[in-house]
Amino acid sequence: MKRPIAVTAATLAAALALTACSSDSTDAETPAPGAVSTSILEVGQANPMIAQGVVLRTDAAIYKTSGIGPAATNKTAKEGTPESFIDTAQFAGGVLPAGVTITEAQGMAVLTRIKENLEAQGLSMANVTTMRVFLDNAPGSDRADYAGWNRAYRQFFANTNLETGDTELVPLGTAAPAAPLLRNPARPTRFALEVAGLPVPGWLVEVEVDAVYPG
């Protein structure tokens, strides 16, 4: 029997936060001079994960991807299983290091595919302004692995300190934090929802993004 779509209170609150700027956030009605987009970030956070909102210039050209999931590159795993979607270019033989979850591995694989999709259109991960994330439960679990997804996300987004400009180290599973796969200061708006199922058997992560062409 399919599980109903589950939205946690924390997820709902995060989604609502993206639709309005709090009194603590930077107030902006137009992008900064010369900028195509401006992210609205909460004041006082040196390394926020996401923006509270984003302001786009009216003449901005926006590229919207379709929903993208991981590719089935792990031929050592049974077809249609979550393990078959581990990126063997990242994890040789489909073997995950200590503490790396299947959702974390799939999340990294998905974001790698999104990076390639954007680059084919002359864009980069730094141009992403909005992200929509759909997560399914790993077999044997009773909820989506938000922690694993967030670790994967930090490998590609929001991994620089806004105050110092320094790279923020990111953990891979339970390993000590290390340099991210892609240094990227971008902090898009984002929601992440747990769903009852995704369209491809074995997918635990599906993501779509909006990216804005530089002026």
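Among contacts in the chain between residues at least 6 apart in sequence, 70% join residues at least 24 apart, where contact means heavy atoms within 4.5 Å. Keep that in mind for the exercises below. This is a predicted model: local features need pLDDT of at least 70, side-chain atom pairs count only at pLDDT 80 or more, and totals for chains, interfaces and linings use all residues. Residues are numbered from 1 along each chain as its sequence is written, and side-chain values use heavy atoms, with hydrogens and water left out.

**Exercise 1. Work out which helices and strands the chain has, and in what pattern they come.**

Step 1. Start with the rule: helices (H or I, at least four residues) and strands (E, at least two) are DSSP runs, numbered from the N terminus.

Step 2. Count them up, and you get three helices and six strands.

Step 3. Now walk along the sequence and write down each element in turn: α-β-β-β-α-β-α-β-β.

**Exercise 2. Look at strands 1 and 2 and say how they run and where the side chains of strand 2 point.**

Step 1. Strands pair if DSSP finds at least two bridges between them. Here, strand 1 (residues 37-40) and strand 2 are joined by four bridges and run antiparallel.

Step 2. Pick out one pair: Thr 38 sits opposite Val 55 of strand 2.

Step 3. For the side chains you need the cut-offs: buried means under 20% relative accessible area, exposed over 50%, and partly exposed in between (1.4 Å probe, protein chains only).

Step 4. Strand 2 (residues 53-56) alternates: Gly 53 and Val 55 face one way and are buried, while Val 54 and Leu 56 face the other way and are not.

**Exercise 3. Trace the salt bridges around Asp 210.**

Step 1. A salt bridge is a side-chain nitrogen of Lys or Arg within 4 Å of a carboxyl oxygen of Asp or Glu. By that rule there are six salt bridges.

Step 2. Asp 210 makes one of them with Lys 64, at 2.9 Å from N to O. Asp 210 belongs to strand 6 (residues 205-212) and Lys 64 to strand 3 (residues 62-64), so this pair ties together parts that are 146 residues apart in sequence.

Step 3. Asp 210 also meets Arg 132 in a salt bridge, at 2.8 Å from N to O. That pair links distant parts of the chain too, with Arg 132 in strand 4 (residues 128-135) and Asp 210 in strand 6, 78 residues apart.

Step 4. Are these residues buried or exposed? Asp 210 is buried at 7% relative accessibility, and Arg 132 is buried at 15%. Lys 64, at 54%, is exposed.

Step 5. Put it together: Lys 64, Arg 132, Glu 208 and Asp 210 are linked in a network of salt bridges.

**Exercise 4. Find the largest nonpolar core and see what Trp 149 touches.**

Step 1. A nonpolar core is a set of buried Ala, Val, Leu, Ile, Met, Phe, Trp, Tyr and Cys residues joined through side-chain atoms within 4.5 Å. In soluble globular proteins, nonpolar side chains tend to be buried together.

Step 2. The largest one here has 34 residues, and those with the most contacts inside it include Leu 111, Ile 114, Trp 149 and Val 207.

Step 3. Which elements give two or more residues to this core? They are helix 2, strand 4, helix 3 (146-154) and strand 6. Helix 2 gives the most, with seven residues.

Step 4. Zoom in on Trp 149. Leaving out neighbours within four places in sequence, its contacts include Leu 111, Met 131, Arg 190 and Val 207.

**Exercise 5. Explore the loop between strand 3 and helix 2.**

Step 1. Gly 80 lies in this loop and is partly exposed, at 32% relative accessibility.

Step 2. What does Gly 80 touch, not counting residues up to four places away in sequence? The answer is Pro 201 and Gly 202. Gly 80 and Gly 202 are 122 residues apart in sequence, yet 4.9 Å apart in space, C-alpha to C-alpha.

Step 3. Thr 81 lies in that loop as well, between strand 3 and helix 2 (102-120). Thr 81 counts as buried, at 19% relative accessibility, and its side chain reaches the backbone oxygen of Lys 78 at 2.7 Å.

Technical notes:
A polar contact is a pair of N or O atoms within 3.5 Å; within protein, one must be able to donate a hydrogen and the other to accept it, and residues adjacent in sequence count only if both atoms are side-chain atoms.
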